[in-house]
Amino acid sequence: MQADPEAAGVTIRPLTPAVGAEIAGVDLADLTDRQFAVITEAFDRHAGLLFRDQALTPDDLVAFSRRWGELDVAPVMENGRTAVPDYPEIYIVSNVKDADGKPIGSLGAGEAVWHTDMSYLPSPPYASLLYAIEVPPSGGDTSLCGMKAAYDSLPPELRERIAGLEIKHDGTYNSGGYLRAGVTASDDPMHSVGQAHPAVCRHPATGDALLYLGRRRNAYVVGLGLEESERLLDQLWDYAVRPAHTYRHRWRVGDVLLWDNRATMHRRDPFDATARRLMQRTQIKGRSRPRAAVDAGAS
Ligand code: OGA
Ligand code: MN
């Protein structure tokens, strides 16, 4: 299908040069194929899409998410429960507590550090979507980091240094610092559970080289001594999350933020624990393992 924004009545406004675009003129509960074609093209180009003023039932949210591919069943939450009854694909990200004082969702009210979702798996999710149902009066912003811009910012000698290297992505802790279900606590980057992926990946749709870091805690550059690995990772992170590569999103109720989990990292600011923040999340399954950009060093 031809992706012609004007004919589809869709406008695309980049949020920053490095990452993100706001899409206007669409109702995600009632989307035409022509509009969807425009959106998918914008997704590959901008790696993060914002849709304002949406009103989605759980069925709408799941139906829109499914247009992108098969969905993951939501992981078990920090409270040991699965998320929404009858909607196994919807995960709740929230600090709100139920009548027994138990959180109804995950990630609490603290900071969620920079990360790519579930990159400790062999084939991490392709995309993640957050839908804002309740937002705190301040704090709790979500930022995206564009990993093409991050890669492009590396000095040539650092690119050469990491070409062909793999980074082990830790599976012990989630981005809020909570221990994942069924995993033994560990602060040993060399031996903690996880999955190695190329440090520089090729975007399957755009062909761009992307820095692929996952998260900092317990990360390990395969084959190096621990000290050398730590030094190299610190150097990479220092470039990666510079403000020029990021977009910070101040939430409004009804916002949908969809990110390309292959080409971005994200983080969340802490917020007042007595305020309420309630998001629904879906994740689209990965279609392939992250692939190395083999000639990435030859710039
Ligand atoms: C997530 C996540 C951050 C946020 O759901 O994967 O990192 O802003 N959420 O809630
Ligand atoms: Mn996340």
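**Figure 1. Asp53 in the loop between β3 and α3 of the predicted model.** Asp53 is found in the loop that lies between β3 and α3 (58–66), in a model that is predicted. The phi angle of Asp53 is near 55°, a positive value in a residue other than glycine. Most residues other than glycine have a negative phi. With a relative accessibility of 59%, Asp53 counts as exposed, because the threshold for that class is over 50%.

**Figure 2. Ala47 in the loop between α2 and β3.** Ala47 is placed in the loop between α2 (33–46) and β3 (48–51). Although Ala47 is not a glycine, its phi is positive, at about 70°. The relative accessible area of Ala47 is 9%, and the residue is therefore buried, the limit for this class being under 20%. Ala47 also appears among the residues that Asp260 touches, and Asp260 is the subject of the next view.

**Figure 3. Asp260 in strand β15 and its contacts.** Asp260 has its place in strand β15, which comprises residues 256–260, and at 0% relative accessibility Asp260 counts as buried. When residues up to four places away in sequence are not counted, Asp260 touches Phe43, Ala47, Tyr126 and His203. The C-alpha atoms of Asp260 and Arg45 are separated by 9.9 Å, while the two residues are 215 residues apart along the chain.

**Figure 4. The manganese ion (ligand 2) and its protein donors.** The manganese ion (ligand 2) has as its protein donors His115 through NE2, Asp117 through OD and His266 through NE2, lying 2.1 Å from the ion. Along the chain, the donors of this manganese ion follow the spacing H-x1-D-x148-H. Asp117 and His266 link distant parts of the chain, being 149 residues apart, with Asp117 in the loop between β6 (112–115) and β7 (127–134) and His266 in strand β16 (residues 264–268). Asp117 is buried, and His266 is buried as well.

**Figure 5. Gly177 in the loop between β9 and β10.** Gly177 is placed in the loop between β9 (166–170) and β10 (194–198). Its relative accessibility is 38%, so Gly177 counts as partly exposed. The C-alpha atoms of Gly177 and Tyr131, which are 46 residues apart along the chain, are separated by 22 Å.

**Figure 6. The whole protein chain, as context for the close-up views.** The protein chain contains six helices and 17 strands. Its radius of gyration is 19 Å, close to the 19 Å that the globule rule gives for 299 residues, and the chain is therefore as compact as a globular protein of that length. Taken along the principal axes, the box filled by the C-alpha atoms is roughly 50 × 50 × 35 Å. Of the 299 residues, 54% count as buried, and among contacts between residues at least 6 apart in sequence, 78% join residues at least 24 apart. The chain exposes about 13,000 Å², of which carbon and sulfur atoms supply 51%. The protein chain carries 33 positive and 40 negative charges, and the mean positions of these two sets are 2 Å apart.

Key:
Residues are numbered from 1 along each chain as its sequence is written. Chains are lettered from A and ligands numbered from 1 in the order in which they are written. This is a predicted model: local features need pLDDT of at least 70, side-chain atom pairs count only at pLDDT 80 or more; totals for chains, interfaces and linings use all residues. Side-chain values use heavy atoms; hydrogens and water are left out. Helices (H or I, at least four residues) and strands (E, at least two) are DSSP runs, numbered from the N terminus. The radius of gyration is taken over C-alpha atoms; the globule rule is 2.2 Å times the number of residues to the power 0.38. Buried means under 20% relative accessible area, exposed over 50%, partly exposed in between (1.4 Å probe, protein chains only). Contact means heavy atoms within 4.5 Å. Accessible areas come from the Shrake-Rupley method with a 1.4 Å probe; for residues, only the protein chains shown count as cover. Lys and Arg count as positive and Asp and Glu as negative; His and the chain ends are not counted. The place of a charge is taken as NZ of Lys, CZ of Arg, CG of Asp or CD of Glu. Donors are N, O and S atoms within 2.8 Å of the metal (3.2 Å for Na, K and Ca); water is not among the atoms, so sites may look incomplete.
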